[in-house]
Amino acid sequence: MLVEARFQGPDGSGNGGWSAGIFAALIDDRGPVEVTLRRPPPLDTPLTAADGEVRDPDGHVIAQVRRIEPVDAVVPPVDPATAEQAARAYPGLVDHPFPRCYVCGPANPDGLRIFPGRLPDGRAAAPFRAPGQVVPATVWAALDCPGGWAVLAPGRPYVLGRIAAQVTALPRPGDECVVTGVAVGSEGRRAEVHTSLYGADGALLGLARATWVALPAR
């Protein structure tokens with residue numbers, strides 16, 4: 001089990017959604033499965049898995065994985081034009097805590113380049129063109145950052161702590177999709193978010209609920 005360096009999130013560690021999708025394969029990478037990240041997933045490092053835990057070579061628990069009941073966290077879709085308009089106001093274009101993030105980093109030309117902007121009702125939305133190779137972890141990744149950008153603010157970075165997702169179908173390479181996210185609650189440094197991914201025909205491809213944890217203010 002390996003999180004390749006090209007799937008980075010915060011500097012030096014794996015993107016939370018992609019990593020969770022890889023780890024979910026311990027049980028079922030289409031879910032419904034919950035992954036709790038205990039440490040930043042290391043890049044290009046062989047990881048071992050047993051009894052629902054993923055460990056690094058030193059034996060530290062990187063993640064815990066468990067099967068759950070179906071996820072009930074649908075965020076309503078928007079049309080592609082609305083998603084495109086939201087993306088033009090993506091705050092990460094001018095202030096991004098992790099600009100080379102595989103999912104939402106504007107400085108990563110080889111990433112998914114999902115740029116969620118805020119809608120008037122508080123939801124985040126973005127278009128998403130499926131890459132040339134699509135696996136379940138691609139959907140987990142697409143369901144990750146759009147939820148975070150429903151709570152991220154300048155100078156106040158968050159990282160993924162836990163995500164529960166299920167993948168109903170995979171987009172075809174090149175499909176023009178839409179992803180939506182919304183914050184549903186917060187307490188202290190933790191924020192709860194939901195995300196949904198819709199295919200080119202408007203069908204729901206995947207959905208997730210997640211807990212994001214605020215880092216110290218910059």
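Me: Is R55 buried, partly exposed or exposed?
Reply: Keep in mind that this is a predicted model. R55 makes a salt bridge with E53, where the closest N and O atoms are 2.8 Å apart. The relative accessible area of R55 is 32%. Buried would need under 20% and exposed over 50%, so R55 comes out as partly exposed.

Me: How many salt bridges does the structure hold?
Reply: Side chains of opposite charge can pair when their charged atoms come close. The cut-off here is a Lys or Arg side-chain nitrogen within 4 Å of an Asp or Glu carboxyl oxygen. On that basis, the total for the structure is seven.

Me: Which residue does E176 meet in a salt bridge, and where do the two sit?
Reply: The N to O distance for this pair is 2.6 Å. It links distant parts of the chain, 47 residues apart, with E176 in strand β8 (residues 176–187) and its partner in strand β6 (residues 124–129). E176 is partly exposed at 40% relative accessible area, while the partner is exposed at 56%. That partner is R129.

Me: What about D175 and R172: which of them is buried and which exposed?
Reply: These two form a salt bridge, with the closest N and O atoms 3.4 Å apart. D175 has 14% relative accessibility, so it counts as buried. R172 has 57%, so the label for R172 is exposed.

Me: Which residues do salt bridges with shared partners join into one network?
Reply: A salt bridge needs its nitrogen and oxygen within 4 Å. Where such bridges share partners, they tie residues into one network. The members are E34, R66 and R162.

Me: How many disulfides turn up, and why is C145 not in one with C104?
Reply: A disulfide needs two cysteine sulfur atoms within 2.5 Å. The closest cysteine sulfur to that of C145 is in C104, and at 3.6 Å it is too far for a bond. C177 is in no disulfide either, with the nearest cysteine sulfur, that of C145, 16 Å away. A search of the whole structure gives a count of zero.

Me: Is C177 buried or exposed?
Reply: Buried means under 20% relative accessible area. C177 has 2%, so the call is buried.

Me: Which peptide bond is cis, and what is its omega?
Reply: Most residues other than glycine have a negative phi, and most peptide bonds are trans. The cis bond joins G31 and P32. P32 is in the loop between α1 and β1. Omega for the bond is about 5 degrees.

Me: What phi does D51 have, and what about R113?
Reply: D51 sits in the loop between β2 and β3, and with 81% relative accessibility it counts as exposed. R113 is in the loop between α2 (80–88) and β5 (117–118). Neither is a glycine, yet phi is positive: about 55 degrees for D51 and near 55 degrees for R113.

Me: How far apart in space are D58 and T82?
Reply: D58 is in the loop between β3 (53–55) and β4 (61–67). D58 and T82 are 24 residues apart in sequence. Their C-alpha to C-alpha separation is 47 Å.

Me: And what separates A25 from M1?
Reply: A25 is in the loop between α1 (16–24) and β1. A25 and M1 are also 24 residues apart along the chain. Their C-alpha atoms are separated by 9.8 Å.

Technical notes:
Residues numbered from 1 in each chain as written. Predicted model: local features only at pLDDT ≥ 70, side-chain atom pairs only at ≥ 80, totals over all residues. Heavy atoms only, no water. Buried < 20%, exposed > 50% of the residue type's maximum accessible area, 1.4 Å probe, protein only. Helix = DSSP H or I, 4+ residues; strand = E, 2+ residues; numbered from the N terminus.
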